[in-house]
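Here's a quick walk through the inside of this protein, starting with its pocket and then moving on to its cores. Have the structure open as you read.

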Amino acid sequence: MTLFEKLRCLFTFGQGVALPLPKISANTSPLELFEHWFEDANKSGILLPESMSVSSCGNDGQPSSRMVLLKSYDDAGFVFYTNYASRKSQELQDNSKVALLFHWNVLQRQVRIEGTVEKVSAQESANYFHSRDRGSQVGAWASKQSQKLEHDNELSERMAHFSEKFATGEVPHPEFWGGWRVKPHYIEFWQGRANRLHDRVCFQLVDGNWQQHKLHP
C-alpha cells in the first residue's frame with residue numbers, strides 16, 4: 001500500500017466509513033475469514049499486526065491479560081511462544097481456558113477468540129527458537145520471566161553470563177521455553193460502522209463443525 005493509499009484509508013475511517021465485510025457464505029470457515037483480515041492488516045501499514053492480547057485465569061479466579069505476538073496459525077490453532085515458568089504459562093497450566101484479542105484500529109476491526117491451549121511439540125518449539133536472532137535466544141536464557149529481580153543489575157549480569165557461556169556454537173533450546181497453541185471454539189469478527197451500528201459475525205464450534213450467526217452491536 002502506497003503512502004497516498006494509507007492516508008486515504010486513514011481519512012476515510014476518520015469520516016466514520018469502514019470497509020465492508022467480505023462475502024460470507026454458509027461454507028465460509030473462520031480461519032478463511034481470519035486469513036483475509038490478517039492480510040488486510042498487514043497491507044494497511046499497521047505496526048505489528050500480529051500483536052494480540054492473551055487473557056488467562058489462574059486457580060484464584062483473577063483474570064490477567066498481556067500482549068504477545070502471533071507466530072503461526074492454521075486449522076489446528078493459533079501459536080505464540082513464551083517462557084513456561086512465566087505467570088501466563090503457570091495460569092494456562094492451571095486453567096487451559098484462554099481468550100485472544102486482535103485490534104486493528106485503522107481498519108476498525110477486532111477479532112475475539114476463545115478456546116483452550118496445549119503446548120506445541122518440543123521439536124516445533126526448538127525449530128522456532130533457532131529461527132530467532134541470537135540475542136533473543138540468549139535473552140530467553142537470561143530472563144527468569146515474571147520472577148522478581150534480586151537487584152537492578154541482575155538481568156544485565158545474567159545476560160552477560162549467558163552471552164559468555166554461549167559465545168560459540170549453537171545456543172541450545174531451553175526446556176523451559178516454548179509454544180502454546182490456542183485451539184479455538186469461538187471466533188468473533190467485529191467490523192466498525194458509522195452510528196455504532198457495527199457488524200459482529202460469530203463462529204462457534206459445535207460437534208466438530210463451525211456454526212455462524214450475527215449479533216447486535
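## The largest pocket

In this predicted model, 17 residues line the largest pocket, and Tyr 81, Thr 82, Arg 132, Gln 145 and Trp 177 are the ones nearest its centre. The space inside comes to about 320 Å³.

Which element gives the most to the lining? That's strand 4, with four residues. Strand 2 (63-69) and helix 5 (134-142) also supply at least two residues each. As for chemistry, the lining splits into eight nonpolar, six polar and three charged residues.

## The largest nonpolar core

Now for the greasy part. The largest nonpolar core has 28 residues, and the members touching the most others are Phe 34, Phe 78, Trp 104 and Val 111. Two or more residues come from each of helix 2 (30-43), strand 1 (51-57), strand 4 (77-83), strand 5 (97-104), strand 6 (109-119), strand 7 (177-191) and strand 8 (199-206). Helix 2 is the top contributor to this core, giving six residues.

Strand 4 is worth a second look: it turns up among the elements that build this core and also in the lining of the largest pocket.

## Around Trp 104

What does Trp 104 contact once its neighbours within four places in sequence are set aside? The list runs Phe 34, Trp 37, Phe 38, Ala 41, Ile 46, Pro 49, Arg 109 and Val 111. Two of these names, Phe 34 and Val 111, are also among the core members that touch the most others.

## A second core

Apart from the largest core there's another one, made of 13 residues, including Tyr 128, Phe 129, Val 138 and Val 171.

Technical notes: Residues are numbered from 1 along each chain as its sequence is written. This is a predicted model: local features need pLDDT of at least 70, side-chain atom pairs count only at pLDDT 80 or more; totals for chains, interfaces and linings use all residues. Side-chain values use heavy atoms; hydrogens and water are left out. A nonpolar core is a set of buried Ala, Val, Leu, Ile, Met, Phe, Trp, Tyr and Cys residues joined through side-chain atoms within 4.5 Å. Buried means under 20% relative accessible area, exposed over 50%, partly exposed in between (1.4 Å probe, protein chains only). Contact means heavy atoms within 4.5 Å. On a 1 Å grid over the protein atoms alone, a cavity is a set of points where a 1.4 Å probe fits but cannot get out, and a pocket is an open set with protein on both sides within 12 Å along at least five of seven lines; lining residues have an atom within 4 Å of a point. Grid points are joined across faces, edges and corners, and a volume is the space filled by probe spheres set on the points. Ala, Val, Leu, Ile, Met, Phe, Trp, Tyr, Cys and Pro count as nonpolar, Asp, Glu, Lys and Arg as charged, and the others, Gly among them, as polar.
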